Amino acid sequence: GATFNIDIYNGLRNINQLHRANLAILAGEYQLEDMKDDVRLMVANAYLQILFNVEILEVQKSQLEISLKDADRTQKMIDAGTMVKYDLLEIEATIATQEQALIQAKNNLRLSKINLAQILMIPDYENFNVLNIDIEAPFGQILFQNPEDIFEKALTHRKDIKLSMTNIAIAEKD
């Protein structure tokens, strides 16, 4: 005896499986590109956070300098008898608050540098620093576009949207 197992017609199952496999490969490529975009955005965000924290640190230093000069001026006025000791105590309390804010700004800057170093996998984060370069950014033309054009451009360029549409096509094939 011999047995045969031949499919005469299986509802185009093999062709549909091939199409689904091709869509799964395409979805994997889109997912990889989306992950690359996410990493790029994380690095850019961490870099900008460092620059932001550097600016905050500079502002805190300037405010502390002004308060110290104000305390010195107030002390001279107290010595001259035109102000009372209470005014100096208020300024000293402000100085203490600003010193605390300065320490917090230094800590935030250090943490943002550590964050970027970790993203970039740089082991020596203690000696890690970034450069502040001026980039001439063109004025965005996006303000002059209508929302439909922006949406259509996103459909053709954003990998996460393409990934979602490919996943929908995979679900339809399933």
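**Group meeting talk: a four-helix chain**

Hi everyone, let me start with one pair of side chains: lysine 36 and glutamate 33 make a salt bridge, with 3.6 Å between the closest N and O atoms. Please keep in mind throughout that this is a predicted model. Both partners belong to helix H1, where they sit three residues apart, about one turn of the helix. How covered are they? Lysine 36 is partly exposed, because its relative accessibility is 38%. Glutamate 33 is also partly exposed, at 28%.

That pair has company: the count comes to five salt bridges. Let me show you two others from H1. Aspartate 70 and arginine 73 form one of them, with the closest N and O atoms 2.4 Å apart. These two residues of H1 are three residues apart, about one turn of the helix. Aspartate 70 comes out as partly exposed with a relative accessible area of 26%, and arginine 73 is partly exposed at 44%.

A little further along, lysine 76 meets aspartate 72 in a salt bridge, N to O, at 3.6 Å. Here the spacing within H1 is four residues, about one turn of the helix. With a relative accessible area of 54%, lysine 76 is exposed, whereas aspartate 72, at 42%, is partly exposed.

Now let's step back to the whole chain. What are the secondary structure elements? There are four helices and zero strands, so the pattern along the sequence reads α-α-α-α. The radius of gyration is 31 Å, well over the 16 Å that the globule rule gives for 174 residues, so the chain is more spread out than a compact globule. You can see that in the box filled by the C-alpha atoms, roughly 120 × 45 × 30 Å along the principal axes.

A few totals go with that picture. Of the 174 residues, 18% count as buried. The chain exposes about 13,600 Å², and carbon and sulfur atoms supply 58% of that area. As for contacts with a separation of 6 or more, 71% of them involve residues 24 or more positions apart.

On to the interior. Nonpolar side chains tend to be buried together in soluble globular proteins. In this chain, which residues have the most contacts inside the largest nonpolar core? They are Ile50, Leu57, Ala71, Ile95, Leu116, Phe128 and Val130, and the core has 16 residues. H1 and helix H2, which covers 85–119, each supply at least two residues of this core. The largest share, eight residues, comes from H2.

Leucine 116 is a good place to zoom in. Setting aside neighbours within four places in sequence, leucine 116 is in contact with Val43, Ala46, Tyr47, Ile50, Phe128 and Val130. There is also a second, separate core of five residues, including Leu23, Ala27, Tyr30 and Ile170.

That brings me to threonine 166, which is found in helix H4, residues 159–173. Is threonine 166 buried or exposed? Its relative accessibility is 7%, so it counts as buried. Beyond residues up to four places away in sequence, threonine 166 touches Leu23, Leu26, Ala27 and Tyr30. Among these, Leu23, Ala27 and Tyr30 are in the second core I just mentioned.

Another polar residue I'd like you to look at is glutamine 98, in helix H2. Glutamine 98 is buried because its relative accessible area, 14%, falls under the 20% cut-off. Which residues does it touch, apart from neighbours within four places in sequence? Glutamine 98 is in contact with Gln60, Gln63, Leu64 and Ser67. Its C-alpha atom is 5.9 Å from that of leucine 64, although the two residues are 34 residues apart along the chain.

Let me finish at the surface. Phe4, Ile6, Ile8, Tyr9, Leu12 and Ile15 form a nonpolar patch there, with about 820 Å² of accessible area together. Take isoleucine 8 as one member: it lies in the segment before helix H1, which spans 13–80. With a relative accessible area of 82%, isoleucine 8 is exposed.

So if you open the model yourselves, those are the stops I'd suggest. Thanks for listening!

Conventions
Residues are numbered from 1 along each chain as its sequence is written. This is a predicted model: local features need pLDDT of at least 70, side-chain atom pairs count only at pLDDT 80 or more; totals for chains, interfaces and linings use all residues. Side-chain values use heavy atoms; hydrogens and water are left out. Patches are made of residues with over 30% relative accessible area and no salt bridge: like charges are joined within 9 Å, nonpolar side chains (Val, Leu, Ile, Met, Phe, Trp, Tyr) within 5 Å. Accessible areas come from the Shrake-Rupley method with a 1.4 Å probe; for residues, only the protein chains shown count as cover. Buried means under 20% relative accessible area, exposed over 50%, partly exposed in between (1.4 Å probe, protein chains only). The radius of gyration is taken over C-alpha atoms; the globule rule is 2.2 Å times the number of residues to the power 0.38. Contact means heavy atoms within 4.5 Å. A nonpolar core is a set of buried Ala, Val, Leu, Ile, Met, Phe, Trp, Tyr and Cys residues joined through side-chain atoms within 4.5 Å.
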